Amino acid sequence: MSHSPLGSFLEGRVILLFESRIAKWIVSLSQIKSNFAGRWVVLSHQVPPISKSKCVTDKYLAAMSQETTTQIHVATPQEVIESTYKIGIAKSQLPLPKLILLGMLAGIYISVGGLFSTLVGYGMPVLAEGNPILPKLLSGLTFPLGLILVQLVGAELFTGNNATLIPAVLSRQISWLSVLRNWGVVYCSNLAGALLFVYVLIHSVGLFTAEPWHSAIMGIAEHKVHLSWGNAFLRGIGANWLVCLAVWLGFAARTPLARMVGLALPVTAFVVMGYEHSIANMFYIPLGILEGAEVSIQDFFVANLIPVTLGNILGGALFVGSLYTYIYGKR
């Protein structure tokens with residue numbers, strides 16, 4: 001097929017123009033590629049490569065961590081024992097003046113719980129006639145105020161320390177001499193605080209002059225000193241076993257509300273069951289004596305306080321402190 005000279009000329013110009021356009025596009029693409037490669041090198045030196053598997057693992061661990069913190073609200077038994085090591089060391093190193101003051105506060109706080117418990121538990125005699133468990137239940141529900149104050153506000157309670165110091169001494173982080181020092185000073189301070197509160201803020205202001213509380217506190221004191229030595233001793237074991245389990249639950253709890261519930265339930269149980277707590281009896285029996293109960297000072301110490309105290313030591317030190325240290329403590 002033949003072409004005219006004009007057609008051949010125009011065709012050549014079109015081809016030349018098309019080739020020049022393609023050449024410019026190729027040069028532009030080369031420049032873009034070069035710039036992108038340079039920037040990628042810079043970025044590759046700034047950001048480390050992240051593998052897909054590592055990214056997935058990090059997300060999983062983050063999710064598991066969040067689930068753990070939102071769902072687990074109690075310490076494990078092993079963690080409780082670990083915490084008692086530090087607590088025991090701190091208690092054994094308290095200066096004497098602070099130990100005395102904290103011991104007196106604990107005696108006062110337990111007396112506050114006893115006062116609250118007695119006023120509520122024995123304040124409805126008509127209802128109690130047909131429901132003999134009612135006074136014990138009401139007393140049990142209100143008495144834990146004392147231990148809650150001791151544990152959350154801070155004080156030194158002899159019966160709680162019967163268990164709390166044992167893990168540290170059995171792991172040889174403190175000495176038996178420091179344990180006996182703590183127990184002796186705290187016991188006497190608990191007694192001093194309880195007697196001070198009973199005389200100044202209860203008897204002197206006449207809180208128990210009215211019935212039915214006047215007769216109730218005298219009856220409580222007389223009943224306690226007429227227990228046999230063996231009965232009082234065994235009831236002392238039961239009381240402090242439960243009290244120290246309450247202290248353990250308090251150590252395990254992560255929130256204030258959970259601590260209060262953990263502290264309250266075992267204490268409520270021991271009150272309803274009729275067990276004997278030596279520091280609580282430093283409130284009940286002296287108040288009964290001041291209100292006219294037929295109880296002597298000798299009855300108070302010999303017939304009740306000594307056997308109950310020995311039972312408290314055994315219940316707390318052996319059945320809580322020693323037992324859980326053996327099961328969950330350091331080897």
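Biologist: Which helix does Ser83 lie in?
Modeller: Keep in mind that this is a predicted model. Ser83 counts as partly exposed, and the place to look for Ser83 is helix 3.

Biologist: And how far is the C-alpha atom of Ser83 from that of Phe251?
Modeller: Along the chain, Ser83 and Phe251 are 168 residues apart. In space, though, their C-alpha atoms are separated by 7.7 Å.

Biologist: Is Phe251 buried or exposed?
Modeller: Let's use the cut-off: buried means under 20% relative accessible area. Phe251 has a relative accessible area of 17%, so Phe251 is buried.

Biologist: Which residue forms a tilted aromatic pair with Phe251?
Modeller: A pair of aromatic rings is described by the distance of the centres and the angle of the planes. Here the figures are 5.9 Å centre to centre and 55 degrees between the planes. Both residues lie in helix 12, 3 residues apart, which is about one turn of the helix. The partner, itself buried with a relative accessible area of 8%, is Trp248.

Biologist: How many aromatic pairs turn up in the whole structure?
Modeller: Some rings join up further, and ring pairs link Phe158, Trp183 and Tyr187 into a cluster. Searching the whole structure gives a total of 8 aromatic pairs.

Biologist: Are the rings of Trp241 and Phe319 stacked or edge-to-face?
Modeller: Their centres are 4.5 Å apart and their planes are at 15 degrees. Planes under 30 degrees apart count as stacked. That angle is why the pair of Trp241 and Phe319 is stacked.

Biologist: What parts of the chain does the pair of Trp241 and Phe319 tie together?
Modeller: Trp241 is partly exposed at 34% relative accessible area, and Phe319 is partly exposed at 26%. The two residues sit in separate elements, so the pair ties together parts that are 78 residues apart in sequence. Those parts are helix 12 for Trp241 and, for Phe319, helix 15 (residues 297-328).

Biologist: Let's turn to pockets. Which element gives the most to the lining of the largest pocket?
Modeller: The largest pocket has a volume of about 550 Å³, and 28 residues line it. The elements giving two or more residues to that lining include helix 4 (96-121), helix 6 (133-142) and helix 13 (256-273). With 5 residues, the element that gives the most is helix 11.

Biologist: Which residues lie nearest the centre of the largest pocket?
Modeller: By class, its lining has 15 nonpolar, 9 polar and 4 charged residues. Nearest the centre of the largest pocket lie Tyr122, Lys136, Ile220, Lys224 and Val271.

Biologist: What is the volume of the second largest pocket?
Modeller: This pocket is lined by 14 residues, and Phe251 is one of those nearest its centre. The lining divides into 6 nonpolar, 5 polar and 3 charged residues. Helix 3 (77-92) and helix 12 (229-252) are among the elements that give two or more residues to that lining. The volume of the second largest pocket is about 190 Å³.

Biologist: How many residues of the lining of the largest cavity are nonpolar?
Modeller: A search of the whole structure finds 1 cavity of 30 Å³ or more, and the largest cavity has a volume of about 50 Å³. Its lining includes Ile110, Phe143, Val243 and His277. With 1 polar residue and no charged ones, the nonpolar count is 7.

Biologist: Now for odd spots in the backbone. Which peptide bond is cis, with omega near 5 degrees?
Modeller: Look in the loop between helix 10 (176-203) and helix 11, where Pro212 lies. The cis bond runs from Glu211 to Pro212.

Biologist: What phi does Arg172 have?
Modeller: Arg172 is placed in the loop between helix 9 (166-170) and helix 10. Its relative accessible area is 78%, so Arg172 is exposed. Although Arg172 is not a glycine, its phi is positive, about 65 degrees.

Biologist: To finish, what share of the chain's residues count as buried?
Modeller: The chain has 15 helices and 0 strands. About 18500 Å² is exposed, and carbon and sulfur atoms supply 70% of that area. Of the 331 residues, the share that counts as buried is 40%.

How values were computed. Residues numbered from 1 in each chain as written. Predicted model: local features only at pLDDT ≥ 70, side-chain atom pairs only at ≥ 80, totals over all residues. Heavy atoms only, no water. 1 Å grid on protein atoms, 1.4 Å probe; cavity = no way out; pocket = protein on both sides within 12 Å on 5 of 7 lines; lining within 4 Å. Points joined across faces, edges and corners; volume = space filled by probe spheres on them. Helix = DSSP H or I, 4+ residues; strand = E, 2+ residues; numbered from the N terminus. Nonpolar A, V, L, I, M, F, W, Y, C, P; charged D, E, K, R; others polar. Buried < 20%, exposed > 50% of the residue type's maximum accessible area, 1.4 Å probe, protein only. Areas by Shrake-Rupley, 256 points an atom, 1.4 Å probe, with all protein chains shown as cover. Phe/Tyr/Trp six-rings, centres within 6.5 Å; stacked < 30°, edge-to-face > 60°.
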